[in-house]
Protein chains: 2
Amino acid sequence: MAVKSEHIPKATIARLATYIQVLSEFKREGTDVVSSERLAEACSVNSSQIRKDLAYFGEFGVRGVGYYVQDLITSIKRSLGIDRAWNCALVGVGNLGRALLRHREFSRKGFIIRGAFDCDPYKIGEVVEGMEIVCSRQLPAKVKELSLEIGVITTPPERAQRAANYLVGAGIKGIINFAPARIAVPKHIHLEYVDFFHYFYAAAFHIRFDDNRD
Amino acid sequence: MAVKSEHIPKATIARLATYIQVLSEFKREGTDVVSSERLAEACSVNSSQIRKDLAYFGEFGVRGVGYYVQDLITSIKRSLGIDRAWNCALVGVGNLGRALLRHREFSRKGFIIRGAFDCDPYKIGEVVEGMEIVCSRQLPAKVKELSLEIGVITTPPERAQRAANYLVGAGIKGIINFAPARIAVPKHIHLEYVDFFHYFYAAAFHIRFDDNRD
DNA sequence: GGGATTCTGTTATAAATTTCACAAGTTAGG
DNA sequence: CCTAACTTGTGAAATTTATAACAGAATCCC
């Protein structure tokens, strides 16, 4: 599935994820066809925005009709590259790491955590959710053996860079960093920072700001 | 702490959070003063971007010198409204909810989860991390009693709207929704959606896209 | 003390993103 | 078959966001 255009805005990717969510809802409700207008309303965006976002990847609708819900879900998933499974390595089995390992939604969405790594000797050998925790030094071997492509860092911040180094050295293609620390990786490695405190900060800011306007 | 300007971009809020993170790192390393250039490099952004972001809130630097690290941290925190604690209600004590309750970072960052709510009779009365799970119907009483201001929804998607209704009815000011479902709230309630699968989707998309370019 | 250097705050410029507007395609009904 | 009612895909316009450029302020060194 090729993209029509060079660069796709980050915001578009985020919205596509929302579209899938809402479309799945429509599907459960038994809706077969939906217009960009109706989808837009459910997603709280402009309908042109939706058509523009989709236009980056192709033409998925029928003029005068709308979009076939199931087809559109399939098309968006293919566009995003989530029409297949992705094997993930999780590095750092603390509180957050364990929560992610237990989170069923990952495999349901096609992101399958196949390896759990930690450098703490007390944790190595422990089994979490049917998965044995392995020493981080074994990453190169395991990445090759299990075709791991995405690394998930859930270490404390001071160990995030080392985890990243292990992952890069092992030949991983992308890293999703949940640790509250900036890390450096070669530029051919795709890197995403996840920090849900951003959302709390935004909420705090807006609540206080809105209050002050009275 | 007033803002100088009307509207502040969402991206600015997210970057401010990053600045705090990196500045804290500098502080730990013993750096007292930092230039926008050096901070920019550590955050992988443009230095004008940083000065622009800060200009929304005031003048925090000294020309010819730079920014005093501790002062800037304090100023940004005050600007974001996180120079004080926020009391939070968590609704939905499943896997994700429990992980958040156990996550020490929340109270360390000033977001204190003071109430855990669920409508499952089997969970009510159970104690997680020293907090008793309470029936969601008690939200109005507890919100008043404990001055809860931010609601965190970690229910399954089909129960997210009901959780939101409870929270809104109880007089909460903002909602952070971790459930993979869109919800409707009155427009004076600040609403943030958290979906870390967005980041996985983005990673999947870019990895596949970059591969195809060879 | 003053000239060179550094660095912020802010204005000007450029780039990116979103919204508008409409031609082109589809369906339904008489 | 033809008109009316819809709805997509897309180029143009508007808006927003990011980058560059520079005046004003502080420090350093001779």
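**Chatting through a protein–DNA model**

Biologist: Let's start with the DNA. Of the atoms of DNA strand C within 4 Å of the protein, what share belongs to sugar or phosphate?

Modeller: For DNA strand C, 70% of the atoms within 4 Å of the protein belong to sugar or phosphate, and the rest belong to bases. Keep in mind that this is a predicted model.

Biologist: Got it. Which residues come nearest to DNA strand C?

Modeller: There are 28 residues around DNA strand C, and the nearest of them are A:Arg63, A:Gly64, B:Ser36, B:Arg51 and B:Tyr67.

Biologist: What does B:Tyr67 reach on that strand?

Modeller: A phosphate oxygen. A polar atom in the side chain of B:Tyr67 sits 2.8 Å from a phosphate oxygen of DNA strand C. B:Phe60 also has a phosphate oxygen of DNA strand C at 3.2 Å, but there the protein atom is a backbone N or O.

Biologist: And what about the bases? Which atom of DNA strand C is 2.9 Å from the side chain of A:Lys52?

Modeller: That one is a base oxygen: DNA strand C has it 2.9 Å from an N or O atom of the A:Lys52 side chain. As for the elements that give two or more residues to the surface near DNA strand C, they are H1 and H3 of chain A, along with helix H3 (47-55) of chain B.

Biologist: Which element gives the most there?

Modeller: H3(A) does, contributing four residues to the surface near DNA strand C.

Biologist: How does that surface near DNA strand C divide into nonpolar, polar and charged?

Modeller: Its residues come out as nine nonpolar, 10 polar and nine charged.

Biologist: OK, on to the other strand. Which residues come nearest to DNA strand D?

Modeller: A:Ser36, A:Arg51, A:Gly61, A:Tyr67 and B:Arg63, out of 28 residues around DNA strand D. Of the DNA strand D atoms within 4 Å of the protein, 68% are in sugar or phosphate, with the rest in bases.

Biologist: Which part of A:Phe60 lies 3.2 Å from DNA strand D?

Modeller: The backbone. An N or O atom of the A:Phe60 backbone is 3.2 Å from a phosphate oxygen of DNA strand D. From chain B, a polar side-chain atom of B:Arg15 is 3.0 Å from a phosphate oxygen of DNA strand D, while a polar side-chain atom of B:Lys52 is 3.0 Å from a base oxygen of DNA strand D.

Biologist: Which elements give two or more residues to the surface near DNA strand D?

Modeller: H3 of chain A, plus helix H1 (10-29) and H3 of chain B. H3(B) gives the most, with four residues. By class, the surface near DNA strand D has nine nonpolar, 10 polar and nine charged residues.

Biologist: These helices keep coming up. At what angle do H1 and H3 of chain A cross?

Modeller: Roughly 110°, with the axes of H1 (residues 10-28) and H3 (residues 47-55) of chain A coming within 10 Å. H1(A) and H3(A) are therefore roughly perpendicular. From H1(A), the contact uses A:Thr12, A:Arg15, A:Leu16 and A:Tyr19, and from H3(A) it uses A:Gln49, A:Ile50, A:Asp53 and A:Leu54. That contact between H1(A) and H3(A) has four nonpolar, two polar and two charged residues.

Biologist: How about chain B? At what angle do H1(B) and H2 cross?

Modeller: The axes of H1(B) and H2 (residues 36-43) of chain B cross at roughly 110° and come within 10 Å. That makes H1(B) roughly perpendicular to H2(B). On the H1(B) side you have B:Thr18, B:Tyr19, B:Val22, B:Leu23 and B:Phe26, meeting B:Arg38, B:Leu39, B:Ala42 and B:Cys43 of H2(B). The contact of H1(B) with H2(B) has seven nonpolar residues, one polar and one charged.

Biologist: Zooming out, how many helices and strands does chain A have?

Modeller: Chain A has nine helices and nine strands. The C-alpha atoms of chain A fill a box of roughly 60 × 50 × 35 Å along the principal axes, and 51% of the 214 residues of chain A count as buried.

Biologist: One last thing. Is A:Asp118 buried or exposed?

Modeller: A:Asp118 is buried, at 6% relative accessible area. You'll find A:Asp118 in strand E4 (residues 111-118) of chain A. A polar atom of the A:Asp118 side chain lies 3.0 Å from the backbone nitrogen of A:Asp120. Beyond four places in sequence, the contacts of A:Asp118 include A:Gly92, A:Val93, A:Lys123 and A:Ile133.

Conventions
Residues numbered from 1 in each chain as written. Chains lettered and ligands numbered in written order. Predicted model: local features only at pLDDT ≥ 70, side-chain atom pairs only at ≥ 80, totals over all residues. Heavy atoms only, no water. Axes fitted to C-alpha atoms, helices over the stretch in contact; angles between N-to-C directions. Parallel < 35°, antiparallel > 145°, perpendicular 65-115°, else oblique. Contact = heavy atoms within 4.5 Å. Nonpolar A, V, L, I, M, F, W, Y, C, P; charged D, E, K, R; others polar. Near = heavy atom within 4 Å. Polar contact = N/O pair within 3.5 Å; in protein donor to acceptor, adjacent residues only side chain to side chain. Buried < 20%, exposed > 50% of the residue type's maximum accessible area, 1.4 Å probe, protein only.
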